[in-house]
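Work through the exercises below with the sequence and the 3D structure beside you, and try each task before reading its solution.

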Amino acid sequence: MKTNSNSYTIIYSAIIVVVVAFLLAFVYQALKPRQEANVALDQKKQILYSLNIRGLDNAAAEATYNKVVKEEKEVDGSKMYICNVDGQTKYVFSMKGMGLWGGISGLIAVNADKSTVYGAYFNHEGETAGLGAEIKDNQKWQEKFQGKHLFNGSDRNSIALSVQKKVTDPATQVDAVTGATLTSNGVAEMLHSGLGKFLPFLNAK
């Protein structure tokens with residue numbers, strides 16, 4: 001076959017495409033277990049972050065997670081984790097919502113009284129660095145949730161915990177992230193709807 005013919009060019013290109021596709025598929029399959037393990041470990045670390053357990057390497061995080069998290073449940077498509085931290089029961093609730101540029105997620109750890117926040121961690125898919133991304137990057141902002149109440153007094157029919165630009169109820173509200181009103185609103189909505197799924201559990205004796 002002539003190397004400068006159209007047929008040669010087409011056949012050669014087709015072979016290259018097939019070979020490259022095969023190699024990419026092989027690499028993907030080879031790395032898939034490791035990628036899935038990394039994703040799972042990252043999720044475990046986030047749960048530990050919500051429990052105020054940070055700064056662990058991968059091995060320590062895995063061991064601590066296995067020690068702390070006692071049970072995992074699913075409620076209306078969202079997960080909750082029953083944990084034991086220093087002999088005390090904590091409940092971690094997962095949530096998903098929408099920020100300014102994409103999805104956001106959160107984990108709220110609640111004390112055994114099912115009323116007060118023990119810790120919190122938030123994540124995002126693509127919020128603006130220094131603004132909306134602060135929900136993930138600013139640990140001090142996340143720590144503001146500690147000690148806040150899920151409910152407004154004895155009214156346990158709806159979630160009162162929220163993020164507000166102007167705080168009027170320090171017991172249930174956290175200051176919004178400066179310059180990220182829409183992302184903060186997204187977090188507030190996520191708290192109301194996400195934790196709202198767990199109201200039957202939170203109100204159970």
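**Exercise 1: Two residues with positive phi**

Asn 52 is partly exposed, with a relative accessible area of 34%. The model used here is a predicted one. Task: state where Asn 52 is found, and decide whether Lys 114 is buried or exposed.

Solution. Begin with Asn 52, which has a positive phi of about 65° although it is not a glycine, and which is found in the loop between helix H1 (6-50) and H2. Turn next to Lys 114, which is likewise not a glycine and has a positive phi of about 60°; Lys 114 lies in the loop between S4 and S5. Since buried means under 20% relative accessible area, the value of 11% for Lys 114 places this residue among the buried ones.

**Exercise 2: The sheet and the helices across it**

Task: work out in which order the five strands form the open sheet, and which helix lies across S1 and strand S2 (78-85).

Solution. The order is S1-S2-S3-S4-S5, with antiparallel pairing, and the edge strands, each pairing on one side only, are strand S1 (69-75) and strand S5 (117-124). From one strand to the next, the twist averages 20°. Looking at one pair in detail, strand S4 (residues 103-111) is joined to S5 by seven bridges, and Ile 108 stands opposite Ala 120 in S5. Finally, the helix across S1 and S2 is helix H2 (residues 58-68), which runs at about 75° to S1, while helix H5 (residues 181-196) lies across strand S3 (88-98), S4 and S5, running at about 120° to S3.

Methods. Residues numbered from 1 in each chain as written. Predicted model: local features only at pLDDT ≥ 70, side-chain atom pairs only at ≥ 80, totals over all residues. Heavy atoms only, no water. Pairing = 2+ DSSP bridges. Helix = DSSP H or I, 4+ residues; strand = E, 2+ residues; numbered from the N terminus. Axes fitted to C-alpha atoms, helices over the stretch in contact; angles between N-to-C directions. Contact = heavy atoms within 4.5 Å. Buried < 20%, exposed > 50% of the residue type's maximum accessible area, 1.4 Å probe, protein only.
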